[in-house]
Amino acid sequence: MLSTTVFAAILLALLIASAVLWALLLRIGLRWGQVPGVTKRRVALATAITASLYLASCVLLALPSSDAQRMIAEELTLLATALLSCAAISAVFKTRLGQSLQAWLPTLLTPIITLAFIFLVLRPLLYETYTAPTNLMAPTLIGEHWQGICPECGRPNYCSPTDPRFSSAIPPLMICDGFHVTSAAENGKQIHAGDRFLVAKFLSPRRWDLLVFLHPEDPSTLYVKRLIGLPGEEIRMRDGSVWVNGERQTPPDSARGIEYLSAPTNLRGQDLWGSTTRPALLGDDEYFVLNDFSAQPMDSRCWKQGAPGHNPYAVPESHIRGVVTHTYWPPRRWRIHR
Ligand SMILES: [Zn+2]
């Protein structure tokens with residue numbers, strides 16, 4: 001809950017600081033435009049109206065859309081917000097358009113300063129948002145996907161859409177909210193958008209966290225996987241569970257039901273890291289990560305090279321970028337992860 005409290009506090013502080021800054025800049029503008037009848041009550045009223053307009057435009061801009069739609073929507077929304085806040089000043093202070101324009105101009109510094117804070121402080125040091133890139137972490141985080149019904153439990157299940165021109169005779173595997181893995185029943189399904197989630201930069205990673213990191217073999221790419229092994233530990237997978245230093249681990253409720261496989265069906269015969277015959281021994285600054293969709297490879301089990309100077313299966317501490325705290329979009333997928 002710490003991350004939720006911190007995030008709510010930051011949002012509230014940002015909102016209050018922006019409103020105070022806007023009111024101060026409005027006062028400067030009103031003096032510059034020689035607007036008569038400036039009272040604290042009127043300044044507060046104009047600030048409240050403009051704050052509501054900016055909040056509404058932030059909600060509009062946060063809605064998912066295509067890149068082309070987003071560009072048009074952003075420009076129209078910002079223009080409408082600017083014009084409406086100018087009209088609000090004119091109505092509250094009963095000024096001519098020229099005077100309200102003069103009063104409004106200095107307030108333009110508010111979104112510039114707020115955005116600078118978001119891009120220079122908030123995103124690098126506190127929180128950043130991402131979209132799930134794949135379905136390797138399904139059902140916890142789902143990327144662009146086909147959705148069906150699990151034949152074993154009747155809950156929704158997911159898999160990555162495949163291009164029918166290149167799809168093989170073997171249907172893709174699906175995983176449901178109860179972690180049952182089955183074959184996809186049919187093709188030609190609707191493609192649903194992926195989850196959007198919030199990542200905290202200031203949390204120390206703990207076992208079972210959803211970790212965002214730079215791929216050890218290709219540091220230009222960000223990945224998200226579940227943190228399984230911590231520095232200095234020995235990791236094995238046996239009987240569907242994770243064993244750390246010889247002790248069977250109990251996952252949290254959100255991950256209970258995952259069957260951890262040391263040999264996924266499509267990689268049977270290959271010797272993978274974390275199997276009983278090939279345990280992963282982690283160095284002082286190394287972490288071991290696995291997919292929640294354990295039947296799919298592409299995690300610590302099968303990396304070949306690793307980062308320079310590190311074990312091939314390890315995520316070095318310097319590659320860690322944060323811990324997933326919330327899934328916030330779409331609203332039906334809302335979840336607090338940490
Ligand atoms: Zn199921």
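The questions and answers below go through a predicted model of one protein chain.

Q: What makes the protein chain more spread out than a compact globule?
A: The secondary structure of this chain comes to five helices and 16 strands. Its radius of gyration is 25 Å, whereas the globule rule gives 20 Å for 338 residues, and because the value is well over that figure the chain is described as more spread out than a compact globule. The C-alpha trace spans about 85 × 50 × 35 Å along its principal axes.

Q: How many of the residues count as buried, and what share of the contacts join residues at least 24 apart?
A: Of the 338 residues, 33% count as buried, a label that calls for 20 or more other C-beta atoms within 10 Å of a residue's own. Among the contacts between residues at least 6 apart in sequence, 64% join residues at least 24 apart.

Q: Why is helix H1 called oblique to helix H4?
A: Two packed helices are described by the angle between their axes and the distance between the axes. For H1 (residues 2–32) and H4 (residues 97–104) the angle is about 140° and the axes are 7 Å apart. Since an angle counts as roughly antiparallel when it is over 145 degrees, and as roughly perpendicular from 65 to 115, the angle of about 140° falls into neither class, and H1 is therefore oblique to H4. The crossing in which H1 passes H4 is right-handed.

Q: Which residues of H1 and H4 meet, and how do they divide into nonpolar, polar and charged?
A: From H1 come Leu26, Gly29, Leu30 and Trp32, and these meet Gln102, Ala103 and Trp104 in H4. The residues of this contact divide into five nonpolar, two polar and no charged, with glycine counted among the polar ones.

Q: Why is H1 called roughly antiparallel to helix H5?
A: H1 and H5 (residues 109–126) pack at an angle of about 155°, with their axes 10 Å apart. Angles over 145 degrees count as roughly antiparallel, so H1 is placed in that class with respect to H5. The crossing of these two helices is right-handed. On the H1 side the contact is made by Ile10, Leu14, Ser18, Leu21, Trp22 and Leu25, and on the H5 side by Leu109, Thr110, Ile113, Thr114 and Leu126. These residues divide into eight nonpolar, three polar and no charged.

Q: How do you know that Thr327 is buried or exposed?
A: Thr327, which is found in strand E15 (residues 320–329), has 21 C-beta neighbours inside 10 Å. The cut-off for a buried residue is 20 or more, so Thr327 counts as buried. Not counting residues up to four places away in sequence, Thr327 touches Leu141, Asp195, Phe197, Arg333, Trp334 and Arg335. Ala51, by contrast, is 276 residues from Thr327 in sequence and 26 Å from it in space, C-alpha to C-alpha.

Q: What makes Leu227 buried?
A: Leu227 has its place in strand E8 (residues 222–229). It has 20 other C-beta atoms within 10 Å, and because 20 or more is what the label requires, Leu227 is buried. Leaving aside neighbours within four places in sequence, it is in contact with Pro205, Arg207, Trp208, Asp209, Leu211, Tyr287 and Val289. The C-alpha atoms of Leu227 and Asn291 are separated by 9.1 Å, although these residues are 64 apart along the chain.

Q: Why does Phe179 count as buried, and why does Asn245 count as exposed?
A: Phe179, in the loop between strand E4 (173–176) and strand E5 (181–183), has 22 C-beta neighbours inside 10 Å, so it counts as buried. Asn245, in the loop between strand E10 (241–244) and strand E11 (247–248), has 12 such neighbours, and since 12 or fewer is the cut-off for exposed, Asn245 counts as exposed.

Q: What is the phi of Phe179 and of Asn245, and which peptide bonds are cis?
A: Most residues other than glycine have a negative phi, and most peptide bonds are trans. Phe179 has a positive phi of about 70°, and Asn245 has a positive phi of about 50°, although neither is a glycine. A cis peptide bond joins Ala138 and Pro139, with omega about 0°, and Pro139 lies in the loop between strand E1 (127–131) and strand E2 (146–149). The bond from Trp329 to Pro330 is cis as well, with omega near -5°, and Pro330 has its place in the loop between E15 and strand E16 (335–336).

Key: Residues are numbered from 1 along each chain as its sequence is written. This is a predicted model: local features need pLDDT of at least 70, side-chain atom pairs count only at pLDDT 80 or more; totals for chains, interfaces and linings use all residues. Helices (H or I, at least four residues) and strands (E, at least two) are DSSP runs, numbered from the N terminus. The radius of gyration is taken over C-alpha atoms; the globule rule is 2.2 Å times the number of residues to the power 0.38. Two residues are in contact if their C-beta atoms, placed from the backbone, lie within 7 Å. Axes are lines fitted to C-alpha atoms, for helices over the stretch in contact, and angles run from 0 to 180 degrees between N-to-C directions. Angles under 35 degrees count as roughly parallel, over 145 as roughly antiparallel, 65 to 115 as roughly perpendicular and the rest as oblique. A crossing is left-handed if the near helix is turned anticlockwise from the far one by less than a right angle, and right-handed if clockwise.
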